[in-house]
Amino acid sequence: MDERQVVALLDDRPGPAFATTNAAALYRIADQAERQGSYTSPALDAEQISRFGTLGWQGDATQGTRLEFSFRSGMSSEPDATWSAWTEPQVGEEISLSDLPSGRFVQWRADFSAADGRSPLLSEVTVSFRQANLPPVIKSLSVLDPGQILVPANFNPAQQAYEPAHPNRDGIFTTVKPVIPESQKRLKPLWKRGFRTLRWKAEDPNEDQLAYVLSFRPVDSDGEWLSVIDDLRQEHYSFDSTVLPDGRYRFRLQVFDRAREDDQERKSAEEISEPILVDHSTPILGEVSESDGTLRVIVEDRWNPLREAVYSVDGQEWRPAIPADGLLDGRRETLLLHPTEQGSLLLLRLTDAAFNVVTIDLTRGSRP
């Protein structure tokens, strides 16, 4: 019954009467069975939009009794005006639902017809369905800092060689590690000169296993995308970027939820990265002048701002070179050096934002 609580039982014939609350009602048991009745199931959730197949049931509808089934489907958990209308009643041991509109929820109704004091019996109902294949969703795509790579958390560089072999016979892009086993999904960052790492997050509404394809092209090109790697199963990829000339590139991530041979059901999504700068060029030395014991040194970098400038006298400790404008943040900088002692070797070490490093000899007589 729809009422939630029975609060009283009364003697009656042929059986007890009872009162309920929540809501209030009084029920009596009749001395004859009803000839017609119905049962409506709850809205059954397929979790995704689905096609419904066949209803099967267990029970007994013999000796003149009858069981008929009707169906409806919709997208909301509570049936409303957006749901389909009830189908015409159907009979049979297995009933097809192929004409029922696709939806996330389905509901069935059984109509009972008694005969000669006998009632049909329904003990079990099953409804088959198949979720519609939805495309995967790319949640994020990012590039890590130059030189940063990702390796399994239990990776120990002191005990394992991970220097990739050159050249790579499968193409110009050399990765740092094979596919990570399921037991080694925890990652940690390491640094490796010349490498770049793309990292992404993707999900599939049907919880299918995903495969990834990476390709690239220069930013100023409208030509075809060129392959980096095909059929990747992990959510990151580290590669040796020294195979590419200096410049800006975009990388395209394609995500597939089926094997290549399942083209009819295969769904995909793609995302294109922001321009990624590949820079192998070191900063260069410009004009050098000296006044009152202070060296004024102009340096510049073609692609990246400078991040560190230090100098050393006669191989002693590195000291910071002071930017003339007080901030080391441009591709062209004027540096002020104040060596406190004379020496036979004066070195200037420059590092740009891509971690390209150069050491320049500023010893008098060796300057350009």
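## Strand pairing towards the C terminus

Strand 21 (residues 294–300) is joined to strand 25 (residues 332–337) by 6 bridges, and the two run in the antiparallel sense. Within this pairing, Glu300 has Arg332 of strand 25 as its bridge partner. The model that shows these features is a predicted one.

The two strands belong to an open sheet of 4 strands, ordered 20-21-25-24, with antiparallel pairing. Strand 20 (284–291) and strand 24 (322–323) are the edge strands of that sheet, each pairing on one side only. Another open sheet, also described by 4 strands and antiparallel pairing, follows the order 23-22-26-27. Its edges are strand 23 (319–320) and strand 27 (357–361); each has a single partner strand, so one side of each is left without a neighbour in the sheet. Strand 26 (residues 346–352) pairs with strand 27 in the antiparallel sense over 5 bridges, and Leu347 has Asp361 of strand 27 as its bridge partner.

## Pro320 in an edge strand

Pro320 is located in strand 23. With a relative accessible area of 56%, Pro320 is exposed, because the threshold for that class is over 50%. Beyond its neighbours within four places in sequence, Pro320 is in contact with Ala309, Val310 and Tyr311. Its C-alpha atom is separated by 9.6 Å from that of Arg349, a residue 29 positions away along the chain.

## Overall composition

The protein contains 27 strands and 0 helices. Of its 368 residues, 38% are buried. Among contacts with a separation of 6 or more, 66% are between residues 24 or more positions apart. The exposed area is about 22,200 Å², of which carbon and sulfur atoms supply 46%.

## Pairings of strand 13

Strand 13 (residues 195–203) is joined to strand 10 (residues 137–143) by 6 bridges in an antiparallel arrangement. In this pairing, Leu198 of strand 13 stands opposite Val143. Strand 13 is also joined to strand 16 (residues 236–240), again antiparallel, through 5 bridges; Arg196 has Phe239 of strand 16 as its bridge partner.

## Nonpolar cores

In soluble globular proteins, nonpolar side chains tend to be buried together. The largest nonpolar core in this model comprises 20 residues, and Trp200, Tyr212 and Phe251 have the most contacts inside it. Two or more residues come from each of strand 13, strand 14 (211–218), strand 15 (226–232), strand 16, strand 17 (247–256) and strand 19 (276–278). Strand 17 gives the largest share, 4 residues. A second, separate core has 16 residues, including Val297, Ala321, Val358 and Ile360.

The surroundings of Tyr212 combine nonpolar and charged residues. Outside its neighbours within four places in sequence, the contacts of Tyr212 include Trp200, Ala202, Ile229, Leu232, Leu253 and Val255. Asp230, Asp231, Arg233 and Glu235 are also among them.

## Salt bridges

The count of salt bridges comes to 6. One of them joins Arg28 and Asp12, with the closest N and O atoms 2.8 Å apart. Arg28 lies in the loop between strand 3 (25–27) and strand 4 (36–40), and Asp12 in the loop between strand 1 (5–10) and strand 2 (17–21), so the pair ties together parts that are 16 residues apart in sequence. Arg28 counts as exposed at 61% relative accessibility, whereas Asp12 counts as buried at 18%.

Asp45 and Arg104 also meet in a salt bridge through their side chains, at 2.8 Å from N to O. This pair links distant parts of the chain, since Asp45 is in strand 5 (residues 44–60) and Arg104 in strand 8, 59 residues apart. Both are partly exposed, Asp45 with a relative accessible area of 38% and Arg104 with 31%.

Glu235 forms a salt bridge with Lys201, their closest N and O atoms being 4.0 Å apart. Glu235 is in the loop between strand 15 and strand 16 and Lys201 in strand 13, distant parts of the chain 34 residues apart. Glu235 is partly exposed at a relative accessible area of 26%, and Lys201 is partly exposed at 38%.

## A buried charge without a salt bridge

Asp111 is situated in strand 8 (residues 103–113). Asp111 is buried and has no salt bridge; Arg109, the nearest side chain of opposite charge, is 4.1 Å away. That distance falls outside the criterion, because a salt bridge requires a side-chain nitrogen within 4 Å of a carboxyl oxygen. Apart from its neighbours within four places in sequence, Asp111 is in contact with Gly37, Ser38, Arg66, Leu67, Glu68 and Ser70.

How values were computed:
Residues numbered from 1 in each chain as written. Predicted model: local features only at pLDDT ≥ 70, side-chain atom pairs only at ≥ 80, totals over all residues. Heavy atoms only, no water. Pairing = 2+ DSSP bridges. Core = buried A, V, L, I, M, F, W, Y, C linked by side-chain atoms within 4.5 Å. Buried < 20%, exposed > 50% of the residue type's maximum accessible area, 1.4 Å probe, protein only. Contact = heavy atoms within 4.5 Å. Lys, Arg positive; Asp, Glu negative; His and termini not counted. Areas by Shrake-Rupley, 256 points an atom, 1.4 Å probe, with all protein chains shown as cover.
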